[in-house]
Structure formats: structure tokens, C-alpha cells
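Colleague: I'm new to reading protein models, and I'd love a close look at one part of this one. Could you pick a spot where two side chains meet and walk me through its surroundings?

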Amino acid sequence: MSGTLAHAATPEYYGRWAVSDEAPAYSSKGILYKTIDIAPCGNDFCGVSVADDSSCGDVLFRFFTTHTIDEELVGHGKWGKAKKKLEMGYVASDPDPAYMYLALGADDMDMSGREGSIPTFQANYKRQGDVACKAK
């Protein structure tokens with residue numbers, strides 16, 4: 001399966017995303033990343049946690065528009081009361097549906113190679129529809 005990464009400035013990132021992995025396991029901190037709404041927030045774009053009852057939760061991450069030229073988005077995401085390194089990407093794969101991946105871990109985490117530490121949390125996501133939760 002081949003794929004190409006898209007830029008965050010494109011609308012492909014925007015929408016509701018849910019973990020698509022089979023039998024995912026969540027820690028109390030990781031459950032916040034089970035379903036995420038990604039939408040513009042001011043001049044940036046943000047990811048907001050969505051609970052099982054569709055209520056809106058915390059803002060998990062914010063990417064400045066200057067990052068949208070990057071193929072892989074790297075920043076920091078909320079992890080309990082702390083922040084962890086976050087890597088995220090959108091993969092368009094034909095004929096399969098496009099998907100998004102997200103990983104959180106230590107500052108030396110590197111999803112593009114075998115260097116650095118393994119992620120604390122990682123998942124693939126599938127689109128679930130339109131955004132209902134936006135950053136405040």
C-alpha cells in the first residue's frame with residue numbers, strides 16, 4: 001500500500017476522527033485520544049477530545065499555521081497534566097480510504113526511523129464525520 005502525506009492547511013485533516021485500530025487499549029490519559037475533532041481555531045488548527053457520549057473535552061493539541069508546510073506535523077500534545085511530543089500525519093492511500101496517524105511520547109521519540117524511544121501512545125484513525133467540538 002502506498003501513501004502520500006498531505007499538508008495540514010488542506011481540509012483533509014478537518015473532521016471527526018476515531019481510532020481504527022483493532023482492539024485498542026487505552027490508559028486513563030490515552031482515552032482522551034480515542035476520538036478527536038480537528039478544526040481551525042483562530043489562525044491555527046486544534047484537536048479537541050470527544051467523549052463516548054459526544055461531549056466536548058479538552059484541547060489536546062494546537063498547530064500553528066506555519067507548521068502546515070511540513071509533511072509530518074510535530075509538536076506537543078496534552079498528556080494528563082504534562083505535555084508530550086506529538087507526531088501526526090495524514091495519509092491518502094488509493095484505493096483504500098485515507099487515514100490519520102498520531103503518536104505521543106518522549107522528546108526523543110521518532111516515528112520515521114528506528115532511533116529514539118517508542119511512543120507512549122500511538123494509533124491510526126479513520127474519519128467519522130463532521131466536527132462538533134471546537135477549541136475555546
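Modeller: Happy to! Let's start with D52 and K34, whose side chains meet in a salt bridge, with 3.2 Å from N to O. D52 sits in the loop between strand 4 and strand 5, while K34 sits in the loop between strand 2 and strand 3, so this pair ties together parts that are 18 residues apart in sequence. Please keep in mind that this is a predicted model.

How open to the outside are the two partners? D52 is exposed, with a relative accessible area of 66%. K34 counts as partly exposed because its relative accessibility is 27%, and the partly exposed class runs between 20% and 50%.

Now look at the D52 side of the pair. Strand 4 covers residues 44-50 and strand 5 covers residues 56-63, and the two pair in the antiparallel sense over five bridges. V50 has C56 of strand 5 as its bridge partner. Five residues lie between the strands of this hairpin, and S54 there takes a positive phi near 70°.

On the K34 side, a good residue to find is Y26, which is in the loop between strand 2 (15-19) and strand 3 (35-41). Setting aside neighbours within four places in sequence, Y26 is in contact with K34, and also with V19, I31 and F121. F121 is 95 residues away from Y26 in sequence, yet their C-alpha atoms are 8.5 Å apart in space. Y26 has 26% relative accessibility, so Y26 counts as partly exposed.

You can follow strand 5 to another charged pair. The side chains of D58 and K78 form a salt bridge, at 3.0 Å from N to O. Here D58 belongs to strand 5 and K78 to strand 6 (residues 73-79), so the pair ties together parts that are 20 residues apart in sequence. D58 is partly exposed, at 35% relative accessibility, and K78 is partly exposed too, at 24%.

For contrast, try K85 and E87: their closest N and O atoms are 3.4 Å apart in a salt bridge, and both residues are buried. These pairs are among the five salt bridges found in a search of the whole structure.

Finally, step back to the whole protein chain. Its secondary structure has nine strands and zero helices. Of its 136 residues, 37% are buried. Among contacts between residues at least 6 apart in sequence, 48% join residues at least 24 apart.

Terms used. Residues numbered from 1 in each chain as written. Predicted model: local features only at pLDDT ≥ 70, side-chain atom pairs only at ≥ 80, totals over all residues. Heavy atoms only, no water. Helix = DSSP H or I, 4+ residues; strand = E, 2+ residues; numbered from the N terminus. Buried < 20%, exposed > 50% of the residue type's maximum accessible area, 1.4 Å probe, protein only. Contact = heavy atoms within 4.5 Å. Pairing = 2+ DSSP bridges. Salt bridge = Lys/Arg side-chain N within 4 Å of Asp/Glu carboxyl O.
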